[in-house]
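Trainee: Could you take me slowly through one part of this model, the place where the ligand is held, and then show me how that part fits into the chain as a whole?

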Amino acid sequence: MIPFLDLKKINLRHEQAILNGVHKVLHSGWYILGNEVKKFENDFAEYCGTSYCVGVANGLDALELIIHAYDIGAGDEVIVPSNTYIASILSISSNGATPVLVEPDELTYNLDPSEIEKHITSNTKAILVVHLYGQSCDMNPIRKIAKQYDLKIIEDCAQAHGAIYNDQRVGNLGDAAAFSFYPGKNLGALGDGGAITTNDENLFNKLCALRNYGSHKKYENLFKGYNSRLDEIQAPILCEKLKWLDQDNERRRKIAYYYLENIVSSHITLPFVQHRPESHVWHLFVIRTKNRSHFMDYMTSNNIQTMIHYPVPPHKQEAYKEWKDLLFPISEKMHEEVVSLPISPVMQMEDVKTIVEVVNEYRTN
Ligand SMILES: *Cc1c(COP(=O)(O)O)cnc(C)c1O
C-alpha cells in the first residue's frame, strides 16, 4: 500500500535531533514557557518575516486568541470561506461572534475576493482568510477591501507554512496569523502545537498574557485568559524541523508538478496554481472527480490510499444545524468531488510515478 502520509518516516529523519531536544528540556528542569519556546518563537518570527511570534497550544487556540485579542465578540461578524476546515469557523463562534460564510473561488478553492464585499455589514470586523491546501490567497484585492472598510485581516496558515505571496511569507500578509503544528501539517510537532505571528506590538503583548491566564506577571490577571501554551518539549523539535521546512516544501512541489504535468485524464480535474510556484506549499494535492467513491475504491484496489478534505461542508454539520438551509453551491459541489492524492516530503518518485500511471488508467465504466 502506498500510504497517504507516512508520519513516522517524516519524523525518523530527525530522530537524533529530536532525542537531543527532549534530553535538553528534560535536563533543564523547566517545562513551561522556557528558553526553548522563546527560541522557537524567535526562529519562526524570523522565518515568517514578522516582528513577533507567540507559541500556543494548537491552531484552533491560535485563531481563537487572535479574535479574542481584537475584542471581536457578540454582535460582530467575521467573513470566512464556506469550504474551510471547521476550526476556522469554530474560532469565530467560540468568541460569540458570527461567522459569515462566503463561497470560494472554484479554481483555487480560496476565498473569492469578488464575493467578499456584498457580505460586509456595519457589524463586520474582520476577514479570516484561509490559505487552503497550502496555496496562498490572492491577498492584494482582499487587502484593498479590508483597508476600505477598516477590517482586520486574520490569516489561517495552518496548511500553508512557508508559502510566499509577492515576496512575503504567509503569516506576514495580514494583521495577525494562526499556525498549527498538528503532526500532519507541513511543519508538524510530535503532538499538538500552534503559533501566532504578527507585527502588531499591542496585540503581541496582549496575546502573551491571554495564553497564560491573562497574566503578564504571576498572580496578576489583566484579562480573562486561557491556558494555551506551546509545550516546551515540542519547541526544540519544531526548531529542528523548521530548518528543513523549505526543503520539504520543495519536495512536495516537485511531486505536485510531476502530478500536474503527467496526470492526463478526462475524469480528473487537477488543482490550479494562481501565482508563482512558491505561492503553494502543497499541504494537500486535491483533485476532483465526479464519481468519487468509485475512484477511491479503484485507487484502494490498486494499493493507493486516498483521503477526502473535506467530506461535509461546515454549513451541513450538525454543530451548525442553524445553517442547514443555507445554500453554498460551489462549496457543496466541491465537497462531493474532492479527493486528495498522497503527497509528502518523504515519498519516493517511484511511488509518485505509479500513482500517475494508475490514475491515468482510471475508467468510469
Ligand atoms: C489543522 C487546521 C486548523 C486547526 O489546527 P489544530 O492545531 O488542529 O487545532 C485550523 N485551520 C485549518 C485550515 C487547519 O487545517
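**The ligand and its surroundings**

Mentor: Before we look closely, it helps to have the whole chain in view: its secondary structure comes to twelve helices and 13 strands, and please keep in mind throughout that this is a predicted model. Taken along the principal axes, the C-alpha atoms of the chain fill a box of roughly 70 × 55 × 40 Å. A compact globule of 365 residues would have a radius of gyration near 21 Å, and because the chain has 21 Å, the two values agree.

Now to the part you asked about. The ligand sits in the largest pocket, and the residues around the ligand are Asn58, Gly59, Leu60, Tyr85, Ala87, Val130, Asp156, Ala158, Gln159, Ser180 and Lys185. If you sort this shell by class, you find five nonpolar, four polar and two charged residues.

Three of these neighbours deserve a careful look, since each of them places a polar atom by an oxygen atom of the ligand. In Gly59 the partner is a polar backbone atom, which lies 2.7 Å from a ligand oxygen, and in Leu60 a polar backbone atom is again involved, with a distance of 2.9 Å to an oxygen atom of the ligand. Ser180, by contrast, uses a polar side-chain atom, and that atom lies 2.6 Å from an oxygen atom of the ligand. As for how much of the ligand is hidden, the protein covers 90% of the 380 Å² of accessible area that the ligand has on its own.

Helix 4 spans residues 59–69, and if you follow the chain onward from there, you come to the loop between helix 4 and strand 2 (77–81), where Asp71 lies. Asp71 is worth a pause, for this residue has a positive phi of about 55 degrees although it is not a glycine.

One further detail of the backbone belongs to another loop, the one between helix 10 (292–301) and helix 11 (329–337), where Tyr310 has its place. The peptide bond that leads from His309 to Tyr310 is cis, with omega near 15 degrees.

Key. Residues are numbered from 1 along each chain as its sequence is written. This is a predicted model: local features need pLDDT of at least 70, side-chain atom pairs count only at pLDDT 80 or more; totals for chains, interfaces and linings use all residues. Side-chain values use heavy atoms; hydrogens and water are left out. A residue is near a molecule or strand if one of its heavy atoms lies within 4 Å of it. A polar contact is a pair of N or O atoms within 3.5 Å; within protein, one must be able to donate a hydrogen and the other to accept it, and residues adjacent in sequence count only if both atoms are side-chain atoms. Accessible areas come from the Shrake-Rupley method with a 1.4 Å probe; for residues, only the protein chains shown count as cover. On a 1 Å grid over the protein atoms alone, a cavity is a set of points where a 1.4 Å probe fits but cannot get out, and a pocket is an open set with protein on both sides within 12 Å along at least five of seven lines; lining residues have an atom within 4 Å of a point. A molecule sits in a cavity or pocket if more than half of its atoms lie within 2 Å of its grid points. Ala, Val, Leu, Ile, Met, Phe, Trp, Tyr, Cys and Pro count as nonpolar, Asp, Glu, Lys and Arg as charged, and the others, Gly among them, as polar. Helices (H or I, at least four residues) and strands (E, at least two) are DSSP runs, numbered from the N terminus. The radius of gyration is taken over C-alpha atoms; the globule rule is 2.2 Å times the number of residues to the power 0.38.
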